[in-house]
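The following exercises are to be worked with the sequence and the coordinates at hand. Each task is followed by a solution in steps.

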Amino acid sequence: MKGGHCLAVVVAVLLLAGCRIELYSGLPEEDANQMLAILMQHHIDADKQRGEGGGITLRVDQTQFINAVELLRLNGFPHRKYTTTEMMFPPNQLVVSPNEEQQKILYLKEQRIEGMLSQMEGVVQADVAIASRSQGGEGDTAPISVAVFIKYSPQVNMETFRMQIRNLVENAVPGLQYDHISILMQPASYRIAAPTPGNHQDPQGRAIHWLMQHYRFLMIPLALTLLAMMYLAMERWRQRRR
């Protein structure tokens, strides 16, 4: 009977070990470490693995997948990748028209402003649109207005930074007038609360949670125990055959 209980525990642990699913892949090392730290601080079981292409894959327990995505979203992860000047104007690119070149320059300005805003504490998402109009017959353009949309974590009072954001945008776009900047800020909804060990009230739930948190340390001794039991059973069977 004891052997049957040990075997059942081993099977349960092995099943729990296979419950991890991929959360994000191709992550930079720094982003992966920060994301893993946030999940661990909120008692969400996760780990990271290095992929074939060098990027980091973040895995999480299947039962905590939704909470993990929501928690990282509210912390602005994974970080958005922005277009660089080298990407927009590659060395081997053919000559483009003045109008197309101006549109690319405006897009790069939008990307740079979005990148700066995304570094602010509490910013979940930042989008910037620069509107321009033609001046004269040569196709030159000049910005006339800028629209900024920011979604932020409800844990941060982003309204206190409205003036600093407006000043940042004004200085980033030459010739832009202060009153031609429109800023809309919206708090992100916090739909799901991350679980904590204290949330497991029943003994069975606490036991399952403990196993999921510590199965790595249990697998080796339990596997050795299982092998020892199999060896003893084989020895007994051989003795009976004699």
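**Exercise 1: The end of helix 2**

Determine which residue follows helix 2 and what the sign of its phi is.

Solution. In this predicted model, helix 2 is followed by H43. The phi of H43 is positive, near 60°.

**Exercise 2: Length and faces of helix 2**

Check the span of helix 2 (residues 29-41) against the expected value, then assign its buried and exposed residues to sides.

Solution.
1. Helix 2 has 13 residues, and the expected span is 1.5 Å times one less than that number. The result is 18 Å, and the end C-alpha atoms are 18 Å apart, which agrees.
2. The cut-off for a buried residue is under 20% relative accessible area. D31, A32, M35, L36, I38 and L39 of helix 2 are buried.
3. These residues cover an arc of only 160° around the axis, which puts them on the same side of helix 2.
4. An α-helix has 3.6 residues a turn, so residues three or four places apart point the same way.
5. E30, M40 and Q41 are exposed on the other side of helix 2.
6. The cover over the buried residues of helix 2 includes strand 1 (20-27), strand 2 (46-50), strand 3 (56-61) and helix 3 (65-74).

**Exercise 3: Two methionines**

Classify M185 and M230 as buried, partly exposed or exposed, and describe the setting of each.

Solution.
1. M185 lies in strand 6 (residues 181-187). Its relative accessibility is 8%, so M185 counts as buried.
2. Leaving aside residues up to four places away in sequence, M185 touches I150, Y152, M158, E159, R162 and I165. For the pair M185 and E159, the separation is 26 residues in sequence and 7.7 Å from C-alpha to C-alpha.
3. M230 belongs to helix 7 (residues 203-241). With a relative accessible area of 48%, M230 is partly exposed, because exposed requires over 50%.
4. Together with L224 and L227, M230 makes a nonpolar surface patch of about 320 Å².

**Exercise 4: The chain as a whole**

State the secondary structure content of the chain, its order, and the figures for burial, contacts and surface.

Solution.
1. The chain has 7 helices and 6 strands, in the order α-β-α-β-β-α-α-α-β-β-α-β-α.
2. Of the 242 residues, 29% are buried.
3. Among contacts between residues at least 6 apart in sequence, 65% join residues at least 24 apart.
4. The chain exposes about 15600 Å², of which carbon and sulfur atoms supply 57%.

Conventions: Residues are numbered from 1 along each chain as its sequence is written. This is a predicted model: local features need pLDDT of at least 70, side-chain atom pairs count only at pLDDT 80 or more; totals for chains, interfaces and linings use all residues. Side-chain values use heavy atoms; hydrogens and water are left out. Helices (H or I, at least four residues) and strands (E, at least two) are DSSP runs, numbered from the N terminus. Buried means under 20% relative accessible area, exposed over 50%, partly exposed in between (1.4 Å probe, protein chains only). The arc is that of the directions from the helix axis to the C-beta atoms. Contact means heavy atoms within 4.5 Å. Patches are made of residues with over 30% relative accessible area and no salt bridge: like charges are joined within 9 Å, nonpolar side chains (Val, Leu, Ile, Met, Phe, Trp, Tyr) within 5 Å. Accessible areas come from the Shrake-Rupley method with a 1.4 Å probe; for residues, only the protein chains shown count as cover. A salt bridge is a side-chain nitrogen of Lys or Arg within 4 Å of a carboxyl oxygen of Asp or Glu.
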